[in-house]
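Welcome! Please take a moment with the sequence and the 3D view below before reading on.

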Amino acid sequence: ILDGAEGERRVSARELFAGAMESALRSDEVLVRLEVDSQRGALIGYAKLKRGASSWPIATAAVVAARDENGRCSAVTLVLGGVAAVPIDVDVSQTLIGHMPSPDAIEAAAEEAAAQIIDPWGDVLAPASYRFAVARPIARRALTMAFRGQDEAGPR
C-alpha cells in the first residue's frame with residue numbers, strides 16, 4: 001500500500017519494482033504497508049549473498065512451497081532478486097510439482113531458475129556475470145531451506 005497526496009493506492013510487487021533502483025512510487029508517496037497472503041503450513045526459504053553485513057545483497061532467492069500428504073511438492077514459487085534489474089519470478093514447477101524434493105530435484109530446479117535470467121544486472125557491487133553465476137547456488141540454498149528445513153541448508 002502506497003500513500004501520498006492523492007491518498008492510498010495498492011500496487012502489486014510486480015508493479016512496484018520498475019527497474020534497478022527505480023520503483024512505481026510517485027515523488028509524494030511512501031510505502032506504508034506490505035500485505036502478504038498467509039498460507040498455513042507453507043514451507044519457506046530465503047537466502048542472500050552479501051559482500052558484508054551492511055551492504056546490499058548481490059543475489060537473493062525466496063521460496064514459498066507446499067507438500068502433499070505423500071511428501072511430494074504440490075506448489076512452489078521462487079523469486080530471484082539482485083540478479084536482474086527487477087526481481088524475477090522464475091517457474092520451476094515442471095521440475096518440482098508432483099515430485100519428491102530430493103537433492104537432485106532441487107539442484108535441477110536451481111539450474112532451471114538460473115537459466116531463466118535473460119538479462120543479468122551488474123553494478124559497483126558485482127558484475128552481471130558474477131550475479132548470474134551465484135544465482136543457481138542461492139536458489140538451491142533457498143529451495144533446500146524450504147524443503148529440508150533451515151538447519152540443513154548450510155551456512156548463510
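The report below walks through a sheet, the helix beside it, a surface patch and some salt bridges.

This is a predicted model, in which local features need pLDDT of at least 70, side-chain atom pairs count only at pLDDT 80 or more, and totals for chains, interfaces and linings use all residues. Residues are numbered from 1 along each chain as its sequence is written, and side-chain values use heavy atoms, with hydrogens and water left out.

**The sheet**

Let us start with the strands. Helices (H or I, at least four residues) and strands (E, at least two) are DSSP runs, numbered from the N terminus. Two strands count as paired if DSSP finds at least two bridges between them. Four strands make up an open sheet in the order β6-β7-β8-β9, and their pairing is antiparallel. At the edges are β6 (43–50) and β9 (88–90), each of which pairs on one side only. From one strand to the next, the twist averages 15 degrees; axes here are lines fitted to C-alpha atoms, for helices over the stretch in contact, and angles run from 0 to 180 degrees between N-to-C directions.

Follow β6 into β7 and you pass through a hairpin of six residues. The two strands run antiparallel, with eight bridges joining β6 to β7 (residues 57–67). You can find two of the partners by eye: L43 has A65 as its bridge partner in β7, while I44 has V64.

On to the next pair: β7 and β8 are also joined in the antiparallel sense, over eight bridges. Here A61 stands opposite L80 in β8. The hairpin of β7 and β8 has five residues between the strands, and in it G71 takes a positive phi near 90 degrees.

**A helix on the sheet, and a buried threonine**

What packs on the sheet, touching β6, β7 and β8? Helix α4 (residues 128–148) does, and its direction makes about 30 degrees with that of β7. Contact means heavy atoms within 4.5 Å.

T60 is a good residue to visit here, as a member of strand β7. Is T60 buried or exposed? T60 counts as buried because its relative accessibility is 15%; the cut-offs are under 20% relative accessible area for buried, over 50% for exposed and in between for partly exposed (1.4 Å probe, protein chains only). Leaving aside neighbours within four places in sequence, T60 is in contact with Y46, A47, K48, V79, L80, G81 and I138.

Another threonine, T144, is found in helix α4 and counts as buried at 15% relative accessibility. From T144 to E6 there are 138 residues in sequence and 44 Å in space, C-alpha to C-alpha.

**A nonpolar patch**

Now turn to the surface. L25, L31, L34 and V36 form a nonpolar patch there, with about 420 Å² of accessible area together. Patches are made of residues with over 30% relative accessible area and no salt bridge, where like charges are joined within 9 Å and nonpolar side chains (Val, Leu, Ile, Met, Phe, Trp, Tyr) within 5 Å. The areas come from the Shrake-Rupley method with a 1.4 Å probe, and for residues only the protein chains shown count as cover. V36 lies in the loop between β5 (30–31) and β6, and V36 is exposed, with a relative accessible area of 73%.

**Salt bridges**

A salt bridge is a side-chain nitrogen of Lys or Arg within 4 Å of a carboxyl oxygen of Asp or Glu. The count comes to seven salt bridges by this rule, and the table gives some of them.

| Salt bridge | N to O distance |
|---|---|
| R26 and E29 | 3.9 Å |
| R136 and E107 | 2.8 Å |
| D123 and R131 | 2.5 Å |

R136 lies in helix α4 and E107 in helix α3 (residues 103–115), so this pair ties together parts that are 29 residues apart in sequence. R136 is partly exposed at 25% relative accessible area, and E107 is partly exposed at 27%.

In the pair of D123 and R131, D123 counts as partly exposed at 28% relative accessibility, whereas R131 is buried at 0% relative accessible area. Salt bridges that share partners also join E6, R9, R26 and E29 into one network. Within that network, R26 counts as partly exposed at 41% relative accessibility, and E29 counts as buried at 8%.
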